Each structure stands twice: as C-alpha cells, then as structure tokens.
Amino acid sequence: MGVAQYAVTPRGQGWTVLHDGNAKSDYATKEAAFEAAVAAASLAIREGHDIDIKVSSRPT
C-alpha cells in the first residue's frame, strides 16, 4: 500500500486537514482538526497504508 499524508494547517479563521493535498472540511480549532486527521489516519492504517501526519506550528 501507499502512504496516506495528512496536514493540519490554518485556513481562513480556522483550520483544515489536507489529505494528500486536498482539503475537505474546516474546523474551528487546531485540536479539532488534529482529531479528525487522527481518525482518518486510523482507517488508513487498517487498510495497510503508512501514515504521515504534520501539524502547523502557528499558535492557536
């Protein structure tokens, strides 16, 4: 299997999760975006993918 990449990054006044470069949802907090990324990564692990999660260091 391949590598599933997730990036928690600022967007507008909130945060988003890029999955392989594509943003699907917006989140009010960095923590909420991170939790969404981890949930998605958990599914990818079950499918046999390697996982890469990156979180922006911009202060909340």
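How many salt bridges does the structure hold? In this predicted model, the structure holds one salt bridge. The partners are D26 and R11, whose closest N and O atoms are 2.6 Å apart. D26 belongs to strand β3, which covers residues 22-27, and R11 to strand β1, which covers residues 3-11, so the pair ties together parts that lie 15 residues apart in sequence. Are the two partners buried or exposed? D26 has a relative accessible area of 52% and is therefore exposed, the cut-off for that class being over 50%. R11, with a relative accessible area of 36%, is partly exposed. A further distance helps to place the acidic partner: from D26 to Q13 the C-alpha separation is 9.5 Å, for a sequence separation of 13 residues.

Attention now turns to the pockets. The largest pocket has a volume of about 190 Å³. Its lining is made up of Y6, V17, H19, K24, S25, Y27, A36, A37, A40, L43, A44 and E47. Which elements give two or more residues to this lining? They are strand β2 (14-19), strand β3 and helix α1. Of these, α1 supplies the largest share, with five residues. By chemical character, the lining of the largest pocket divides into eight nonpolar residues, two polar residues and two charged residues. Strand β3 thus appears in two settings here, since this strand gives residues to the pocket lining and also holds D26 of the salt bridge.

One residue of the pocket lining, A37, deserves a closer look. A37 is found in helix α1. With a relative accessibility of 0%, A37 counts as buried, because that class takes in values under 20%. Two C-alpha distances set A37 against other parts of the chain. A37 and V55 are separated by 9.7 Å in space and by 18 residues in sequence. For A37 and D20, the separation is 12 Å in space and 17 residues in sequence.

D20 itself sits in the loop between β2 and β3. What is the sign of phi at D20? The phi angle of D20 is positive, at about 50 degrees, although D20 is not a glycine. The relative accessibility of D20 is 43%, so D20 counts as partly exposed.

The surface offers a further feature of interest. F34, V38, I53 and V55 form a nonpolar patch there, and together they have about 280 Å² of accessible area. Two elements each give two or more residues to this patch, namely α1 (30-46) and β4 (50-55). Helix α1 is therefore a shared element: α1 gives residues to the nonpolar patch, and α1 also gives five residues to the lining of the largest pocket, with the definition of helices as DSSP runs behind both assignments.

Strand β4 can be followed through two of its residues. V55, a member of the nonpolar patch, is placed in strand β4. Its relative accessibility of 35% is why V55 counts as partly exposed. D52 is also placed in strand β4. At a relative accessibility of 36%, D52 likewise counts as partly exposed. Between D52 and A23 there are 16 Å from C-alpha to C-alpha, with a sequence separation of 29 residues.

Methods. Residues numbered from 1 in each chain as written. Predicted model: local features only at pLDDT ≥ 70, side-chain atom pairs only at ≥ 80, totals over all residues. Heavy atoms only, no water. Patch = residues over 30% accessible without salt bridge, like charges linked within 9 Å, V, L, I, M, F, W, Y side chains within 5 Å. Areas by Shrake-Rupley, 256 points an atom, 1.4 Å probe, with all protein chains shown as cover. Salt bridge = Lys/Arg side-chain N within 4 Å of Asp/Glu carboxyl O. Helix = DSSP H or I, 4+ residues; strand = E, 2+ residues; numbered from the N terminus. Buried < 20%, exposed > 50% of the residue type's maximum accessible area, 1.4 Å probe, protein only. 1 Å grid on protein atoms, 1.4 Å probe; cavity = no way out; pocket = protein on both sides within 12 Å on 5 of 7 lines; lining within 4 Å. Points joined across faces, edges and corners; volume = space filled by probe spheres on them. Nonpolar A, V, L, I, M, F, W, Y, C, P; charged D, E, K, R; others polar.
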